[in-house]
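Here are my notes for you, point by point. Keep the structure open while you read and find each spot as you go.

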Amino acid sequence: GVKVHFPVKKGLLFDRTVGHVYAVDGVSLKVESGQTYGLVGESGCGKTTLGRAVLRLVDITDGEVVFDGTDLAKLPDEEMRRFRRRLQMVFQDPLGSLNPRQNIESILSEGMLAHGIGANQEERREKIKAILARVGLPANSLARYPHEFSGGQRQRIGIARALVLEPDVIICDEPVSALDVSIQAQVINLLEELQEQLGLTYLVIAHDLAVVRHISDVIGVMYLGSLVEEAPSDALYAAPKHPYTRALMSAVPVPDPEVEDRRERILLHGDLPSPANPPAGCRFHTRCPWAQPRCAEERPELTDTGDGHRVACHFAAEIEAGELEPTRPTD
Ligand code: SF4
C-alpha cells in the first residue's frame, strides 16, 4: 500500500501547496528472498520513485515497507541507518553516480567507513580487491578514476560499491539502459552470477521488457503510479492479461529477423496523463483500446487470477477470450 505523493509548491517562497504529484499511489508487492523482481513501465510511471521509497531516499506518504520483519517506513532516521547497509542501490548512470575526483579505492571505501566495515584501510583494501575481482575488474583499478573506465566497467564499479557493504537486497535502477547493447548482456549476466554466488535479492527497475525478462522471477508492470499486472516472468510473457502490458509486449522487437512476427500489434494513442492530475477510475482508460464506460468511474483492484498472476482490469477475462471488441483503434 505504498504511496509517495510529492507536494506541488507555489508562491514567492514556494510555501503554498497547490496540489500533489501522485508518483506512487498505493502499490503492494512482495519480493521473495533470493529472487529477482522486475518492475517495468514507461518513464514517469513511478517505478524509480517506488525503488527509492524502499530505501527511504524519498518520503513515504503512506504504507509499509517491510524488510525482514521491520517496517522501514516508520523507522526513525537513526535506526534506518542500520538497515541502509543491507539494502543497496545500483544507479542507471554509472558516470553520474561516481565522484570524478575520487579514485576507485576512495569511492568504494566511503560506504565501508560509514558502516564500520574493515578494521583499517589495509583490510578494506583487501576486501575491495576481492570484490573488484568478483565483478571482473583488474586489481590495478584501485588508484584509477571513473573517467578512465568504459561505460560497462563503470557499471561494474557501481555494482562493486554496493557489494562491499555485503547487502541482502540490491535495487538496480535501469542498470543497463545507459550502456551499449553489446555490453548490456555482460552486465545482466554478471548480476545473475552474483545472485547465485551471494544469494542476493534484486528489485530490477527497467523501462525495457527485454532487459527484465531473463533476469526476473516475477515481473510487475506499473502505469501512472499503480501496479496494473504482476506474474511469474514466463506466465507474463506467454499470456499478458492487462491491455497496457499487451501493448508493451507487442512493442518488444523479435530478435531474429528470419522469424516471422505473428504477434498482435497494439499501438497506444495519446500521451501518458500527468501524475498530478490522474484520470478517475482506471488510470489507463484514456488510452486503453478496450475502455468501457465503467472504466472511467471505477478503479479496478489488482485481482488474483490464479498461479500468482494478478491483474487490475475490469474486463481482462473478456478481452483475453476475444469477447470484447476494441473501442479505439489499435494500430
Ligand atoms: Fe482498459 Fe477498462 Fe481494463 Fe482499464 S479497466 S485496462 S480501461 S478495459
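1. Start at the ligand, and keep in mind that this is a predicted model. The ligand has 14 residues around it, and the closest of them are Cys282, His285, Cys288, Cys295 and Cys313. What kinds of residues make up this shell around the ligand? Ten are nonpolar, four are polar, and none is charged.

2. Now for the sheet. It is an open one with eight strands, in the order E6-E7-E8-E3-E9-E10-E12-E11, and its pairing is mixed. Which strands stand at the edges? Those are E6 (87-90) and E11 (303-304); each has a single partner strand, so one side of each is left without a neighbour in the sheet. As background, strands of a sheet pair through backbone hydrogen bonds, and they can do it parallel or antiparallel.

3. Take a look at the pair E6 and E7. These two strands run parallel, and four bridges join them. If you want a spot to click on, Met89 stands opposite Ile171 in E7.

4. A helix also packs on this sheet: H9, made of residues 243-250, touches strand E9 (218-223) and strand E10 (226-232). The direction of H9 makes about 105 degrees with that of E9.

5. Next, a couple of backbone oddities. Most residues other than glycine have a negative phi. Arg56 isn't a glycine, yet its phi is positive, at about 60 degrees. You'll find Arg56 in the loop between helix H1 (47-54) and strand E4 (66-67). Glu174 isn't a glycine either, and its phi is positive too, at about 50 degrees. Its loop runs between strand E7 (169-173) and helix H6 (181-198).

6. Are these two residues buried or exposed? Arg56 counts as partly exposed because it has 17 C-beta neighbours inside 10 Å, and the cut-off for buried is 20 or more. Glu174 has 21 such neighbours inside 10 Å, so Glu174 counts as buried.

7. Last stop: Ala312, in the loop between strand E12 (310-311) and helix H10 (316-320). Why does Ala312 count as buried? Because 23 other C-beta atoms lie within 10 Å, and 20 or more is what being buried takes. Leaving aside neighbours within four places in sequence, the contacts of Ala312 include Ser226, Val228, Glu229 and His242, along with Pro300, Glu301 and Leu302. Try this pair as well: Ala312 and Leu227 are 85 residues apart along the chain, but their C-alpha atoms are separated by 7.7 Å.

Key. Residues are numbered from 1 along each chain as its sequence is written. This is a predicted model: local features need pLDDT of at least 70, side-chain atom pairs count only at pLDDT 80 or more; totals for chains, interfaces and linings use all residues. A residue is near a molecule or strand if its C-beta atom, placed from the backbone, lies within 6 Å of it. Ala, Val, Leu, Ile, Met, Phe, Trp, Tyr, Cys and Pro count as nonpolar, Asp, Glu, Lys and Arg as charged, and the others, Gly among them, as polar. A residue is buried if 20 or more other C-beta atoms lie within 10 Å of its own, exposed if 12 or fewer, and partly exposed in between; C-beta atoms are placed from the backbone. Two strands pair if DSSP finds at least two bridges between them. Two residues are in contact if their C-beta atoms, placed from the backbone, lie within 7 Å. Axes are lines fitted to C-alpha atoms, for helices over the stretch in contact, and angles run from 0 to 180 degrees between N-to-C directions.
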